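Let's take a walk through this model, one region at a time. Keep the viewer open as you read.

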Amino acid sequence: MRFCFDEEQLRFQESVRGMLGKECSPERLRALSTSETGRSPELWAKLAEIGLLGLLVPEQHLGLGLGEVDAVLALEETGRAALAEPVVETACVGARMMAEIGHNDLASRWLPAIATGEAIVAVGHPDNPFVADAHVAELLLLARDGEIHAIERGAVKLTHQPSIDPLRRLYTVDWNPSSATRVASGDSARRALATAYDRGAWATAAQLLGVAQGLVEAAVKYSCQREQFGQMIGAFQALKHMLASVTVRVEFAKPVVQRAAFALANEL
């Protein structure tokens, strides 16, 4: 069996890296961190244009109908670029939940909107009291008493919560469930919530892997520019050992995250 990414997956990774390299400069990210929403509709539209938001959306709903293995390298690139847009919540967790729970009306209305960049979805999980990006989400998928409910933002009350990351916008959500908002219950809801937890953990891990790679690259670049005692600090043996140690840890983390993508894609 061949355990390698194919040419199409690698080309897509390069495409995502190229686009984000142009769009996610440190200056732009700093500006977004102090903006009202912390988000960029223009950038979100470009993510849709290159197909990132529709990767896991079924083809019948205007998506690419691909799987987690196809997405993992692209998610690493979002971390490398420090992208703050809610790709994990919307394109990975939310889209998959709606596709899997079997609520046809919900899927038909919202999945095409996700794939085309017209909608952001926030997801609330019983294990997390906060909902990220609820302030910009057109739809919230929320859990209560073993059920999953789909509620539009205008029907909930949001309370902003402090975060150590100025680009991470967190909220508590006050809302009232009803039979009209319920989209899954019983075993279907339990399975969906369990899978959503695993998928969110995997996608976030992929992003953090990209963050680590980006930090190593930045450190190497800086070590070749900074002088001390008359020479570049990259020439110091102690610093070389530190960078090498971190690089090895990152390289050993890659197959773990990629294997998790394979497990999710094949329901292992």
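Two strands count as paired if DSSP finds at least two bridges between them. With that in hand, start at β3 (residues 139-144) and β4 (residues 147-152) in this predicted model: the two run antiparallel and are joined by 6 bridges. Leu 139 sits opposite Glu 152 in β4. The hairpin leaves 2 residues between the strands, and Asp 145 has a positive phi there, near 55°.

β3 has another partner too: β1 (residues 121-123) pairs with β3 in the parallel sense, over 3 bridges. On that side, Leu 139 in β3 faces Val 121.

Now over to the helices. α4 (68-80) packs against α8 (residues 237-265) at an angle of about 145°, and their axes are 8 Å apart. The crossing is right-handed. What does α4 bring to the contact? Glu 68, Val 69, Val 72, Leu 73 and Glu 76. They meet Val 257, Gln 258, Ala 261, Phe 262, Leu 264 and Ala 265 in α8. Sorted by class, that contact holds 8 nonpolar, 1 polar and 2 charged residues.

α4 also helps line the largest pocket, as do α1 (7-23), α2 (26-33), α5 (87-100), β2 (131-132) and α7 (186-223), each with at least two residues. Which of these gives the largest share of the lining? That's α7, with 12 residues. The pocket has a volume of about 1,300 Å³ and is lined by 45 residues. If you want to centre your view on it, look for Leu 83, Arg 168, Thr 204, Gln 207 and Leu 208, the lining residues nearest its centre. The lining splits into 24 nonpolar, 10 polar and 11 charged residues.

Terms used
Residues are numbered from 1 along each chain as its sequence is written. This is a predicted model: local features need pLDDT of at least 70, side-chain atom pairs count only at pLDDT 80 or more; totals for chains, interfaces and linings use all residues. Side-chain values use heavy atoms; hydrogens and water are left out. On a 1 Å grid over the protein atoms alone, a cavity is a set of points where a 1.4 Å probe fits but cannot get out, and a pocket is an open set with protein on both sides within 12 Å along at least five of seven lines; lining residues have an atom within 4 Å of a point. Grid points are joined across faces, edges and corners, and a volume is the space filled by probe spheres set on the points. Helices (H or I, at least four residues) and strands (E, at least two) are DSSP runs, numbered from the N terminus. Ala, Val, Leu, Ile, Met, Phe, Trp, Tyr, Cys and Pro count as nonpolar, Asp, Glu, Lys and Arg as charged, and the others, Gly among them, as polar. Axes are lines fitted to C-alpha atoms, for helices over the stretch in contact, and angles run from 0 to 180 degrees between N-to-C directions. A crossing is left-handed if the near helix is turned anticlockwise from the far one by less than a right angle, and right-handed if clockwise. Contact means heavy atoms within 4.5 Å.
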